[in-house]
Amino acid sequence: MKAMSISTTSFLFLSPPPPLPPLSRLSQPSFLPTFKPKPLFLRSPSTSSRRNPFLTRADDGDDVDFAGPDEYEMEDDEIEEVDNKKDFDIEYERAGDDDISAVQSMNFVSTQGWDPDSLVDYRINEDEFHKISLLDCDFFIRKPPDPDNDVYDFREMYVTPPDTDVYSIPKVLAPMPQKYIRCAQSDFGCDNVTEPPVEARRDPLYKYEREIEKVFLTKHYKNRRLGDPEFVLDFEEIYVIDSKTKSITRAKVLLLEGEVEIERATCLL
C-alpha cells in the first residue's frame, strides 16, 4: 500500500510588518458625516422674558389704542345708563355745615342749664330776638344780626305770657344747637272767626284770629340762604315749640312706607 504524503507550505517573512498607525490618525470613512460637538452655554432666565399670566393683552385682531381711557367712545345706550346712575346715586352721608360767623352781642346771656319756669330779674331787648307768638305764650329766641333775618341762636331763649314782659326760662326737652343756624318757620293751628257785636255802621262783621298751637323751625341744609340756587330744607332737623307746655324740643323724624318704618339710607327724599 502506497503511503500518501502531505506537504505543508510555510511563508517566511524576511522582516517584521510595519506598525499600524494610532487610532486617532485613522481617517473616518467618507460615507459617515463629520460630528463636531458644540459647547453648551447656560443662561439665567431674564425678568424681561418672563410673561405675567395676569397681564391683560389684546388679541391680534383687536385694533385697540392704548393711549388712555379717554380714547374709549361710549355708545348712546351706555351714556344714558351712566346719566341715570348719576341721577339716582344719592350720598346720604351728611356733609359739614357751613358755619355762620358769630357776632357776639353785648347783651347776650346764656340760659342753658337754667331751671325751667324760673323767672329772670331783668328785661330783654326784644328787638334782638325772634318773637314767636303762640296761643298761650310768646317765645323768644336770640336773633343774630343778618340781612335775611332767619338766623337763630338757641343758647338764649325766654318765654312770657302773651303780650307781657314777665320773662322765664322755657322747658328744653332735647339738646339744642351750639352754633348759629338758619331756619324756616312754619306753624300749626286753626283759624278762629267770630261775629263781634256791631256798634257802628263800619264795624267789621267778622273777626279773624289765628290761634297757633305749635311752631316748627326747619333748618336750612348747610345753612344756605333762601336765595341760594341750591337752597333746600333739611327735614331731618326740625325744632318744635309747643304753646301749652311752653317748651321746645327736636322732632323725631321717621320715614314711613305705608305704615312700616323704613331705613333712611334706602330712601330718597
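**Strand β3 and the nonpolar cores**

Strand β3 is mostly covered, with 10 of its 10 residues buried. This description rests on a predicted model, and strand β3 makes a handy starting point for a walk through it.

On one side of the pairing pattern, β3 is joined to β2 by five bridges, and the two strands run antiparallel. Within this pairing, Asp138 stands opposite Thr160 of β3. Strand β3 is also joined to β5, again in antiparallel fashion, through two bridges. Here Tyr152 has Ile181 in β5 as its bridge partner. In a regular strand, it is worth recalling, side chains alternate between the two faces of the sheet.

The strands just described reappear in the largest nonpolar core, which has 19 residues; those touching the most other members are Phe139, Ile141, Phe154, Leu217, Ile241 and Ile248. Two or more residues of this core come from each of β2 (138-142), β3 (151-160), β5 (181-194), β6 and β7 (233-242). Strand β3 provides the largest share, namely four residues. Another core lies apart from this one; it is made of seven residues, including Val120, Phe140, Tyr158 and Ile169.

Ile248 is a good residue on which to centre the view. Setting aside neighbours within four places in sequence, Ile248 is in contact with Phe139, Ile141 and Phe154, as well as Met157, Val240 and Ile241. The list of its contacts also takes in Lys171, Val172, Leu173, Ala174 and Met176. Among these partners, Phe139, Ile141, Phe154 and Ile241 are themselves named with Ile248 as the core residues that touch the most other members.

A second residue to inspect is Thr218, which lies in strand β6 (residues 207-220). Its relative accessibility is 7%, and the limit for a buried residue is under 20%, so Thr218 counts as buried. Beyond neighbours within four places in sequence, Thr218 contacts Arg182, Cys183 and Ala184, and also Leu233, Asp234, Phe235, Glu237 and Ile238.

One of those partners, Cys183, leads on to the cysteines. Cys183 counts as buried because its relative accessibility is 4%. Cys137 is likewise buried, as its relative accessible area is 0%. For anyone planning to look at the sulfur atoms, the structure holds zero disulfides.

Technical notes. Residues are numbered from 1 along each chain as its sequence is written. This is a predicted model: local features need pLDDT of at least 70, side-chain atom pairs count only at pLDDT 80 or more; totals for chains, interfaces and linings use all residues. Side-chain values use heavy atoms; hydrogens and water are left out. Buried means under 20% relative accessible area, exposed over 50%, partly exposed in between (1.4 Å probe, protein chains only). Contact means heavy atoms within 4.5 Å. A nonpolar core is a set of buried Ala, Val, Leu, Ile, Met, Phe, Trp, Tyr and Cys residues joined through side-chain atoms within 4.5 Å. A disulfide is a pair of cysteine sulfur atoms within 2.5 Å. Two strands pair if DSSP finds at least two bridges between them.
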